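Visitor: I am new to reading protein models. Could you walk me through one, feature by feature?
Guide: Gladly; let us look at it together.

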Amino acid sequence: LFEWLDSIHGPIPRKLTLLQQAAKQDGADFCFAMLARQVRLLLLTKSGAPMKEHPFVLQKLRQQARSFSEQQLIDMHEQLTLIDFHQKTGQLKLSLEQELEKLMIL
């Protein structure tokens, strides 16, 4: 799971492989929640907001945040919000894992 979260800015085949492994091991719902958390943390990092995280985590977040523009992170957050809304209202056209895969490709 954490290897996948660390790779969300990497090559598409690797992201998809790691996502599939994480979803199989931890479940798509948990992967979704952790991706949403990661994107929120990256947005906070990008904005320079003070965060109470372990220094190792902050270093990894800063490094990963450099791979994204603020707009890319906002767009990803909006997509996650839509997926969440559609899932909770029964309007999800694909499985949650497929929605995450689609997000990793964009």
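Visitor: How many residues does helix α2 have, and what length does it reach?
Guide: A helix can be checked by comparing its end-to-end reach with the reach expected for its residue count. In this predicted model, helix α2 runs over residues 12-26, which makes 15 residues. From its first C-alpha to its last it reaches 20 Å, close to the 21 Å expected at 1.5 Å a residue.

Visitor: What follows α2?
Guide: Gly27 comes next, and its phi is positive, near 95°. This glycine sits in the loop between α2 and α3.

Visitor: How exposed is Gly27?
Guide: Here you need two cut-offs: under 20% relative accessible area is buried, over 50% is exposed, and what lies in between is partly exposed. Gly27 has 23% relative accessibility, so it counts as partly exposed. For contrast, try the loop between α3 and α4, where Pro50 is found. Pro50 counts as exposed because its relative accessibility is 81%. You can also place Pro50 by distance: its C-alpha is 33 Å from that of Gln25, and the two are 25 residues apart along the chain.

Visitor: Back to α2, then. Which of its residues are buried, and what covers them?
Guide: The buried ones are Lys15, Leu16, Leu18, Leu19, Ala22 and Ala23. Their cover includes α1 (2-6), α3 (28-47) and α6 (96-105).

Visitor: How do α2 and α6 lie relative to each other?
Guide: For a pair of helices, look at the angle between their directions; over 145 degrees counts as roughly antiparallel. The axes of α2 and α6 cross at roughly 160° and come within 9 Å. The two helices are therefore roughly antiparallel to each other. Their crossing is right-handed. On the α2 side, the contact is made by Ile12, Lys15, Leu16, Leu19, Gln20 and Ala23, and on the α6 side by Glu97, Leu100, Glu101, Met104 and Ile105.

Visitor: At what angle do α5 and α6 pack?
Guide: Helix α5, residues 70-88, packs with α6 at an angle of about 165°, and their axes are 11 Å apart. This pair is therefore roughly antiparallel too. α5 passes α6 in a right-handed crossing. To find where they touch, look at Met76, Gln79, Leu80, Ile83 and Gln87 in α5, which meet Leu96, Glu99, Leu100 and Leu103 in α6.

Visitor: And is the crossing of α3 and α6 left-handed or right-handed?
Guide: That crossing is left-handed. The axes of α3 and α6 cross at roughly 40° and come within 9 Å. Ala28, Asp29, Cys31, Phe32 and Leu35 of α3 meet Leu96, Glu97, Leu100, Leu103 and Met104 of α6.

Visitor: Which residues of α6 are buried, and what do they pack against?
Guide: The buried residues of α6 are Leu96, Glu99, Leu100, Glu101, Leu103 and Met104. They pack against α1, α2, α3 and α5.

Visitor: Let me pick Glu99 from that list. Why does Glu99 count as buried?
Guide: Glu99 counts as buried because its relative accessible area is 9%, and buried means under 20%. Leaving aside neighbours within four places in sequence, Glu99 is in contact with Ile83, Leu92, Lys93 and Leu94. You can also link Glu99 back to the glycine after α2: Gly27 and Glu99 are 72 residues apart in sequence and 13 Å apart in space, C-alpha to C-alpha.

Visitor: Where is Gln38, and is Gln38 buried or exposed?
Guide: Gln38 is found in helix α3. With a relative accessible area of 9%, Gln38 is buried. Beyond neighbours within four places in sequence, Gln38 is in contact with Leu5, Ile8, Leu61 and Gln64. Its C-alpha is 10.0 Å from that of Phe2, although the two residues are 36 apart along the chain.

Visitor: Last one: where is confidence lowest, and where is it highest?
Guide: With a predicted model, also read the confidence score, pLDDT. The protein averages 95, and 100% of the residues score at least 70. Confidence is lowest in helix α4, residues 55-65, at a mean of 93, and highest in α2, at 97.

Conventions
Residues numbered from 1 in each chain as written. Predicted model: local features only at pLDDT ≥ 70, side-chain atom pairs only at ≥ 80, totals over all residues. Heavy atoms only, no water. Helix = DSSP H or I, 4+ residues; strand = E, 2+ residues; numbered from the N terminus. Buried < 20%, exposed > 50% of the residue type's maximum accessible area, 1.4 Å probe, protein only. Contact = heavy atoms within 4.5 Å. pLDDT = per-residue confidence, 0-100. Axes fitted to C-alpha atoms, helices over the stretch in contact; angles between N-to-C directions. Parallel < 35°, antiparallel > 145°, perpendicular 65-115°, else oblique. Left-handed = near helix turned anticlockwise from the far one by under 90°.
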